[in-house]
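Student: I should like a close look at a single part of this structure, treated as one connected account. Please begin with a local detail and build outward from there.

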Amino acid sequence: MLWYKAWRESRVRFLASAVALVVICASFVFFHHDASGGISDEPLSYPVYVWRITYKGYLRELFMILAILLGLGGLTRERDQRTAGFTLALPVSRWRLLATRTVVGLGQVVLLATLPAIVTPLLSPLIGQAYPSSQAWAFTILWATVGSLIFAMALLASVLFSGEFTAPVVAILGLAAYSFLADVRPFERYLTDIHDVMSGVDMPYFAERTGILTGPLPRATLFTVLLAAAALIAVGARITSRQDF
Amino acid sequence: MSDARVIETHQLTKRFGQFAAVEALDLNVRAQQITGFLGRNGAGKSTTIKMLLGMTHPTSGTGSLLGKAIDDPKENREARRNVAYVGEDKQLYPYFTVEELIRFTRSFYADWRPEVAQRLLGDYELPPKRKVRALSKGMRTKLALLLALSRKPELLILDEPSEGLDPVAIEELLQRLVGAASEGTTIFFSSHQIAEVERIADRVCIIDHGMLVEDFSLDELQQDYRRVTLGFATSAPVDEFRMPGIRRVHRADRQLSVLVRGNADAVAAHGRSMNAVSVDVVPISLREVFLESVRSES
């Protein structure tokens, strides 16, 4: 039943996020002609259009914010809502509470990452275009992986900070700070810009001119990102086990 | 009644910065009794209960719940399987309906009694399909009590259980607690409603400023606790009563009022030796003991 609790806590956020992503994704397809002109003065091929508006553009930013929203909650929030006492009196470890929430949340992030891969190739033929499913699913892998890291950042923020807005603001600022540092000279050698990992910009596995992923996905980078996400979650679990409620 | 202890603490302390919420608490709760945990608001009752249930970590000291160490997460989790708890907030997951929350809670406990849950649902007139967020405060309290009373735990811990209930519901609750105790469940409940404690408790622990200041059975209260009032012809002597059993001494003009436990005759005799013109020895109520125990020294 802990799974059910975790699902019920995040259900509204997840479903609203999914609807938003599907609607926006579908709009990008159906308003291809109008939106294409707004992106570039030159005519764009359909894959380049999809990449620029979806995988590099607004939808990617939206996805990152939604991943943050899905990472919020947990015992600190329950303390604010005064339900933590009921939860902690259950014969369940804090580790299990956090693990359940993490698995459900990560599952939701992965599902959100798959939506563009379903919607775009499915709807494109309706406007006489085609977008390769293989491309869309490859981007899904990139999004899901980086989304896991963003989710973990939000989860850690929600463990550390109470208050309705503090945790999301801290997570967004943390994300912004990381992105900034990843572009600054002394750090750029050591930090990978996760925005670029998601979109493929400046990455050897992506050809910007054609908007197509050309090479194998960066397994080492993705593994490192997942490792960082796991580390943040482990820190969150460690802090949770020591907190007073 | 058993003499076994279901709750034991030794020098249990919880500090928040410089503030000691609980200070060197030595608490013993006997099995198969109803123990009232009395104290003013902020006396440390809830913090003590939270430490017992592993929600808050003690700063120092030790404690056990049903024989399991409270500061060992694994042992505490084992103990919680046999403990039902109603917190002071009575806040429950707002997104669940009443029946969903019952189903959710039931899934964690082997001692769940569906027939009792069904009966309480009817008695408390709780609408099963209604969301918890749409329940009134009183209904939420009743739901929290239902979730605890539908089990048959070894220990039932209630933190201000009657808060938010009307007088009829309070009466029903007290009867149910007595019924649960008669079935062998130990009950430990905090309250600042002295009348409730006096109605059902076998034993009373009084906490003040985080420290245990009294621990007695209601039988002991009737037999041992007395107020000895000494009247003097002139101003009451500034004699320091250093005798066993003396809890409090109040001096007012020509009168000395002494709260004493178990040694009233000797105190009265001492008063007479001090030339008291009147000596009254009267039984004392729980309310008086409580007020004397938690009143600041003047």
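**A hairpin and its sheet**

Tutor: In this predicted model, strands β13(B) and β14(B) form a hairpin with two residues between them, and B:Asp253 in the turn has a positive phi of about 55 degrees. The two strands pair in the antiparallel sense over six bridges. Within this pairing, B:Ala252 stands opposite B:Gln255 in β14(B).

The hairpin belongs to an open sheet of four strands in chain B, whose order is β13-β14-β12-β15, with antiparallel pairing. The edges are held by β13 (246–252) and β15 (278–283) of chain B; each has a single partner strand, so one side of each is left without a neighbour in the sheet. On average, and with direction ignored, neighbouring strands of this sheet are turned by 15 degrees against each other.

From the hairpin, the sheet continues through β14(B) to β12(B), and these two strands pair in the antiparallel sense over seven bridges. Here B:Arg226 stands opposite B:Val260 in β14(B). On to the next pairing: strand β12 (residues 225–231) of chain B and β15(B) are joined in the antiparallel sense over six bridges. In that pair, B:Leu230 stands opposite B:Val279 in β15(B).

A helix accompanies these strands. Helix α9 (residues 264–273) of chain B packs on the sheet and touches β12, β13, β14 (255–261) and β15 of chain B. The direction of helix α9 makes about 5 degrees with that of β12(B).

The positive phi in the hairpin turn invites a look at two further residues with a positive phi. B:Lys90 has a positive phi of about 55 degrees although it is not a glycine. B:Lys90 is found in the loop between β7 (83–86) and α3 (98–106) of chain B. With 26 other C-beta atoms within 10 Å, B:Lys90 is buried, because the cut-off for a buried residue is 20 or more. In chain A, A:Arg82 has a positive phi of about 65 degrees, although it is not a glycine either. The place of A:Arg82 is in the loop between α5 (75–81) and α6 (84–89) of chain A. A:Arg82 counts as partly exposed, with 14 C-beta neighbours inside 10 Å.

Finally, the two chains meet in a contact that takes 19 residues from chain B and 17 residues from chain A. On the side of chain B that touches chain A, the largest share, three residues, comes from helix α2 (residues 73–80) of chain B. The residues of that side divide into 10 nonpolar, five polar and four charged.

Technical notes
Residues are numbered from 1 along each chain as its sequence is written. Chains are lettered from A and ligands numbered from 1 in the order in which they are written. This is a predicted model: local features need pLDDT of at least 70, side-chain atom pairs count only at pLDDT 80 or more; totals for chains, interfaces and linings use all residues. Two strands pair if DSSP finds at least two bridges between them. Axes are lines fitted to C-alpha atoms, for helices over the stretch in contact, and angles run from 0 to 180 degrees between N-to-C directions. Two residues are in contact if their C-beta atoms, placed from the backbone, lie within 7 Å. Ala, Val, Leu, Ile, Met, Phe, Trp, Tyr, Cys and Pro count as nonpolar, Asp, Glu, Lys and Arg as charged, and the others, Gly among them, as polar. A residue is buried if 20 or more other C-beta atoms lie within 10 Å of its own, exposed if 12 or fewer, and partly exposed in between; C-beta atoms are placed from the backbone.
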